[in-house]
Amino acid sequence: MSAATSPQGVRPGSFEADDRGYFGGTWGGRFMPEALVAALDELTEAWQDAMADEAFVADFERVLRDYAGTPSRLYHAERLSQTVGARVLLKREDLNHTGAHKIRNVLGQALLTRRMGKTRVIAETGAGQHGVASATAAAWLDLDCTVYMGAVDTRRQALNVARMQLLGATVVPVESGSATLKDAINEALRDWVASVDHTAYLFGTAAGPHPFPSMVRDFCRGIGDEARAQCLEQYGVLPDAVAACVGGGSNAIGLFTAFLDDEGVEIHGFEPGGDGVDTGRHAATIHAGEAGVLHGARTFVLQDEDGQTVESHSISAGLDYPGVGPQHSWLAAAGRASYTPVTDAEAMDAMALLSRTEGIIPAIESAHAIAGALEVAKRLGQEKGPDATVIVNLSGRGDKDMGTALEWFGLGDAEEGPETDLEQAAEEATR
Amino acid sequence: MTASTSTSVAFARARAEDRAALIGYLPAGYPSVEGSIAALRTMVEAGCDAIEIGLPYSDPVMDGPTIQAAAQQALDAGVRTSDVLRVVEAVAATGVPTLVMTYWNPVERYGVERWAADLAQAGGAGLITPDITPDHGGEWIAAADAHELDKVFLVAPSSTDERVAMTAAASRGFVYAAAVMGVTGARDATSDLAGPLVRRVRASGDVPVAVGIGVSTGDQAAEVASYADGVIVGSAFVRCLLDHPGDEAAGLDALRALTTDLAEGVRRAGR
């Protein structure tokens, strides 16, 4: 399906990239060293061939079903819905194997790696989620796996380092630059330049040079395709809005894609607002960044006057990235989707709320989507009544975030109880 | 204002002497803006035929640890894009062709047309663009053409013949053959990938080919000079400065000695 292009190189649906990887003629592209162009061309061809090959697509679907546990459920969160006066449906990607949507992307890319005859994969990771997913897929397909992770992150996410090691991956701490996700990407690219003949780079999000934004989107779009069909089947209508958190943007584009041509469906991305956009400590790239080139794509970038990348901040390591997938930049520029910052505090309130109303502890990434979606749901409930429907991508589960929650809420002391009033935090989220 | 001198002048001069050209690299602003000017002028005095000035960037995906370290220190010390132009002006005033090597985003941010105009005004020869290929470099190509600046694009051992030809045709000044599959950095042994790559570029036009391959000694320079029009040395020069922190005189002495050795090397090759 992805190989099908019109004579102009633009596929049906105006939000696709052209053959050179540009969305809307401007966003994306391939700003990369010549040394990697042959590999990116090889990857583009392999991906397009694979997506046009029924056997590959069937294999991918089988693996997603039998190994990763998809399709994930679309769950009506009734108590949460009552608090906002509209129907809130959660796309339960947190129940997938490895606990997040990311397994879809890595299984797709790993199957493609095998199809290309390569024997080694590399990956970057921030908090470790994509690293764990990559190590999982590598173990399952018997591929060598090296994961680059900022040294700051390996220290704060030792448990995920251990997971990757247990799965057989080598974790390399990256000390250069700010020693976080963007530097892990730089280091993985440096590895790839030297190893490209036998190594595939499992890029962790729908960003980077062409074909990654479109390819990762294709591997994640099952989220939205499933949710759209489930919503129609369960409620007989399309949702009024869909919502997801946006760091690099793979879970969001995975949800949004199915709805891009449904003009009546609002599309909302929620960016990490950190301490608040006006404090400068945030990762709200589309809301507060400016157009530039980072990691091979033209997109919104947090940068200074000289075009140097500025360090981002978010309580959620998975959203803590100073760039964003170029298709999101295009959807924002074209006005098809809106992108709004959600602060650390708002996300943590939503984490408390979902835990207490639904018995679901979300990843802090996904809590940003919950927080933002509740605002949307309240507005739609007022406009359209209680049948107004919002689908929220619950992109990951919160187990990995318990250290952060423990610190934020002051949990863990059974005699003293939490230091924060969790009841009040949950109430804040519905205000 | 200093008139721009295309790098092709340096290659023509070297060719007239039946030798390869020596091209030396340092990032601007390390150890300081003034310090980098002194260092680059020392390299010119000791025998570099052309100079590449690195524009320090936060996300240098093609650079190894040595250049990363110096560039990061320059950024930490607050070097600005405007400082880089000041270094260009001071070095270009020596009359030696002076290029800037830069990742793309700082140029896009500065404004491509404005950058080309200001670079030409400063006497800069043009740009080496490690993360821009001609097929995604339309804006730069237009600006460079308007200001008659060198456009130095890279080829790699992995480049197809079609891409080598396309890149050579789009380049002005010279073609940069990044002849090892890997990031910048000094290497003990030269690569057997370089010779064939140079031959492929030559087969597609008469633009000079310079090789960047981790050269750090006169002997390695002589070997590369036996098949290429130019020898590019970066990390080894940076290392001279990194090894003498806080001692400018010692750093300059090391640069002078290395340049002399390399300049002798590019003249020694049996051609």
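Select S6(B). S6(B) is partly exposed, because 19 other C-beta atoms lie within 10 Å of its own, and a buried residue needs 20 or more. The whole model is predicted, so treat this as a tour of computed geometry.

**Stop 1: around S6(B)**

S6(B) sits in the segment before α1 (7-16) of chain B. Now add its contacts, skipping neighbours within four places in sequence. They are P97(B), A125(B), D150(B) and G173(B). For a sense of scale, pick N105(B) as well. It is 99 residues away from S6(B) along the chain, and 24 Å separate the two C-alpha atoms.

**Stop 2: all of chain B**

Widen the selection to chain B. Colour by secondary structure and look for 12 helices and 9 strands. Along the principal axes, the C-alpha atoms fill a box of roughly 45 × 40 × 30 Å. Does the radius of gyration of chain B agree or disagree with that of a compact globule? It agrees: a globule of 271 residues would come near 18 Å, and chain B has 17 Å.

Next, colour by burial. Of the 271 residues in chain B, 61% are buried. Then turn to contacts between residues at least 6 apart in sequence. In chain B, 74% of these join residues at least 24 apart.

**Stop 3: A177(B) and the core**

Select A177(B). Which residues touch A177(B), leaving aside its neighbours within four places in sequence? The contacts are V155(B), A194(B), L197(B), V198(B), V201(B), V209(B), A210(B) and V211(B).

A177(B) belongs to the largest nonpolar core, a set of 238 residues. Those with the most contacts inside this core are A177(B), V211(B), V231(B) and, over in chain A, V390(A). Domain 1 (23-61 + 101-216) and domain 2 (68-99 + 221-430) of chain A both give residues to this core, so the core lies between them.

**Stop 4: crossing to chain A**

Show both chains and select the residues in contact across them. You should get 26 residues of chain A and 33 residues of chain B. On the chain A side, the elements giving two or more residues are α1 (34-51), α8 and β11 (290-294). Helix α8(A) gives the most, with 6 residues. By class, this side of chain A has 12 nonpolar, 9 polar and 5 charged residues.

Stay with α8(A) and select residues 181-195 of chain A. The helix has 15 residues and reaches 21 Å from its first C-alpha to its last. That is close to the 21 Å expected at 1.5 Å a residue. Is α8(A) mostly covered or mostly open? It is mostly covered, with 13 of its 15 residues buried.

**Stop 5: the two domains of chain A**

Give each domain its own colour. The domain assignment sets domain 1 of chain A at 23-61 + 101-216 and domain 2 at 68-99 + 221-430. Their centres, taken over C-alpha atoms, are 23 Å apart. The contact between them takes 37 residues from domain 1 and 39 residues from domain 2.

Look at the domain 1 side. Elements giving two or more residues to it are β2 (27-28), α4 (102-115), α5 (129-141), α8 and α9 (212-220) of chain A. Here α4(A) gives the most, with 5 residues. This side of domain 1 divides into 16 nonpolar, 16 polar and 5 charged residues. Note that α8(A) appears here and also on the side of chain A that touches chain B.

**Stop 6: R221(A)**

Move to R221(A), in the loop between α9 and α10 (222-235) of chain A. Why does R221(A) count as partly exposed? The reason is its 18 C-beta neighbours inside 10 Å. Beyond its neighbours within four places in sequence, R221(A) is in contact with G254(A), T257(A) and A258(A). Add A283(A), 62 residues apart from R221(A) along the chain; the C-alpha atoms are separated by 24 Å.

**Last stop: all of chain A**

Zoom out. Chain A has 17 helices and 14 strands. The box for its C-alpha atoms is roughly 55 × 50 × 50 Å along the principal axes. A compact globule of 431 residues would have a radius of gyration near 22 Å; chain A has 20 Å, which agrees. Buried residues account for 62% of the 431 in chain A. Among contacts in chain A between residues at least 6 apart in sequence, residues at least 24 apart make up 73%.

How values were computed. Residues are numbered from 1 along each chain as its sequence is written. Chains are lettered from A and ligands numbered from 1 in the order in which they are written. This is a predicted model: local features need pLDDT of at least 70, side-chain atom pairs count only at pLDDT 80 or more; totals for chains, interfaces and linings use all residues. Helices (H or I, at least four residues) and strands (E, at least two) are DSSP runs, numbered from the N terminus. The expected span of a helix is 1.5 Å times one less than its number of residues. A residue is buried if 20 or more other C-beta atoms lie within 10 Å of its own, exposed if 12 or fewer, and partly exposed in between; C-beta atoms are placed from the backbone. The radius of gyration is taken over C-alpha atoms; the globule rule is 2.2 Å times the number of residues to the power 0.38. Two residues are in contact if their C-beta atoms, placed from the backbone, lie within 7 Å. Ala, Val, Leu, Ile, Met, Phe, Trp, Tyr, Cys and Pro count as nonpolar, Asp, Glu, Lys and Arg as charged, and the others, Gly among them, as polar. A nonpolar core is a set of buried Ala, Val, Leu, Ile, Met, Phe, Trp, Tyr and Cys residues joined through C-beta atoms within 7 Å. Domain bounds come from an automatic or database domain assignment.
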